[in-house]
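Notebook open, structure loaded. I want the overall picture down first, then a few asparagines and a lysine.

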Amino acid sequence: MQKKLIITLIWVVLLALNCQKKDTIYPAINDTAFDNGSNIIFPELDNQIIDDLELLGKLWGFLKYHHPEIGKGNYNWDYELFRVLPDYLKVTDKKQRDQLLLSWINKYGEIPVCKRGKKTSKKVFIKPDLSWIENSDADNALKDKVKEIYQNRHQGRHYYISMTPMVGNPKFNNENLYSNMPFPDEGFRLLALYRYWNTINYFFPYKYMTDKNWDDVLKEYIPIFINVKDELEYELAVAQLIGEICDTHGFLLEFDQIQKIKGNKDAPFVVKFIENKLVVTDYFKPELAEKAKLQKGDIITHISGKPVEKIVDSLKKYYPASNEAARLRNMAHNLLRSNSSIIDIKYISDGQSKESTLKLYNSYYLNMEEYWNKGVDEKCYKLLDDNIGYITLKAIKNDDIKEIKNSFKNTKGIIIDIRNYPSTFVPFKLGTYFLKKRTPFVKFTIGSVNNPGQFRFTGPLYISKSKNYYQGKLVVLVNEDTQSQAEYTAMAFKASPNTTIMGSTTAGADGNVSIISLPGGLKTYISGIGIYYPDGTKTQRVGIVPDIYIEPTIEGIKSGRDELLEKAIEFINK
């Protein structure tokens, strides 16, 4: 009893302290010097200036997450960049540059020696990487200063970064969107690049899986961000930068100009890439089929005179994705959008090449939102022929799970369809139904506020056993629409020895998301924690690998068949 009372008192004190800290007025908040613009004008860029700006960007980000005074919220670190840049752009040689950078660092006071142990454990999955300073042409005094700050880096509560309770994905705090400047000036655009690059560098769990070496990306994008001419070019530059992390979760949430050029009108039918061809798969409004003339299974080859393949190649860099399946999924939604009311297309129907001037419609007229949400309010489970249970997670609710277990306990097999995003989180509540013993199914990597760039594995998560576990076959259906929570749920079902994953490549973007805010009112996501199988097998970019690989065919689309569902039924009946 006394122990419980002591624990309760501790929690009360911690809660009170936390509330008190939330009310703290940080000096950084009161710095409004550059609210209306950075006043930075860059000279014509040459290789040396770009190299110097690369070094500054990496040093700026390092100080942001490591320097004790910045971690305490004593400085608006965005605006400190604008204070140092004018003099920095005037330096004429490396010696002058490094002396200025040392003076800049010293401006924020002596670094107190931290007596707490800060060595990185040998057991961590990813260690912080300071090779950027070692590999730079900075002098030894500057390199030693960086090492000194790292050894005595900020610990504990941080003004700019925290980790969410329980889950552990990063939360980027006190990051101003600067929404009052849709097209930020040159200084703010460089700030956007610095902010995003360093966020990924220290807190993206999959940085080591990008196509490019992340260390090289900053230098490549400095001239791109500084030289963009308008709001649209800026949004496209940000979209292209986001694409470098190869994460389907990484997409722009706010992008006015890109939306405008995509257009507000669309074709009356749904298209997907089937057998690497852009294929009509359904109609938003079936009554428009006769007027549009195209049938399910028709292949669109040209849009506005351009081959579909060339359009895809030209737009790829603006569609962030973990893999090609997810990228083509996202691109298909936009390829027929336009600001015009008509669009010329060429297509193949029943082996015949045809041309058409296609009428486009506003999305509200097509009831597109209603189409994509079709089935959400319907019953999520049913009994198929041959005594096989079928469940779609698109419509599942917690109250359904008990009835599913009762209704399907004597079936020969169950099919769980996750070619969708689950409406309810069910890995544990439904996953336990298929296990006769407690089983691990996932483990995470999480970052560190106290040691930015470090990622460690957590212990595995387990699904509990069930006394009356299901003993028939379980088939889980997946495809490119299986993303994030859907992939996580498939991993949970895979823990059962009677499970067969069937379908095609999933989106390869697992893990809770974190929001990144960028100047110009832009927002984007990243996968905030690393998701792995208990043996360390990765899921990011790879997705949930099917045991039986099967994709829909154009012939199947023409005849209105769900070939994947048919294969699952056939498999269970065998």
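Contacts first. I took the pairs at least 6 apart in sequence and asked how many of them join residues at least 24 apart: 74% in this protein. Note to self: this is a predicted model.

Secondary structure next. I find 21 helices and 22 strands in the protein.

Then overall dimensions. Along the principal axes, the C-alpha atoms fill a box of roughly 75 × 75 × 40 Å. For the radius of gyration I get 27 Å, and a compact globule of 574 residues would have one near 25 Å, so the two agree.

Burial and surface. Of the 574 residues, 53% are buried. The accessible surface comes to about 27,400 Å². What share of that surface belongs to carbon and sulfur atoms? I get 50%.

Charges. I have 78 positive and 70 negative ones in the protein. Their mean positions lie 8 Å apart.

Backbone, entry one: Asn276. I looked up phi for Asn276 and got a value near 65°, which is positive although the residue is not a glycine. Where does Asn276 sit? I place Asn276 in the loop between β4 (269-274) and β5 (277-283). Buried or exposed? Asn276 counts as exposed because its relative accessibility is 67%, and the cut-off for exposed is over 50%.

Backbone, entry two: Lys293. Here phi is near 80°, again a positive value in a residue other than glycine. Lys293 belongs to the loop between α13 (289-292) and β6 (299-303). With a relative accessible area of 58%, Lys293 is exposed as well.

So my two positive-phi entries read as follows: Asn276 is in a loop between two strands, β4 and β5, while Lys293 is in a loop between a helix, α13, and a strand, β6.

Last entry: Asn201. This one I found in helix α9, which covers residues 186-203. Why does Asn201 count as buried? Its relative accessibility is 10%, and buried means under 20%. I then checked what Asn201 touches, leaving out residues up to four places away in sequence. That gave me Lys207 and Trp214.

Side by side, the two asparagines I looked up go opposite ways: Asn201 is buried at 10%, whereas Asn276 is exposed at 67%. Their settings, for the record: Asn201 is in helix α9, and Asn276 is in the loop between β4 and β5.

Terms used: Residues are numbered from 1 along each chain as its sequence is written. This is a predicted model: local features need pLDDT of at least 70, side-chain atom pairs count only at pLDDT 80 or more; totals for chains, interfaces and linings use all residues. Side-chain values use heavy atoms; hydrogens and water are left out. Helices (H or I, at least four residues) and strands (E, at least two) are DSSP runs, numbered from the N terminus. The radius of gyration is taken over C-alpha atoms; the globule rule is 2.2 Å times the number of residues to the power 0.38. Buried means under 20% relative accessible area, exposed over 50%, partly exposed in between (1.4 Å probe, protein chains only). Contact means heavy atoms within 4.5 Å. Accessible areas come from the Shrake-Rupley method with a 1.4 Å probe; for residues, only the protein chains shown count as cover. Lys and Arg count as positive and Asp and Glu as negative; His and the chain ends are not counted. The place of a charge is taken as NZ of Lys, CZ of Arg, CG of Asp or CD of Glu.
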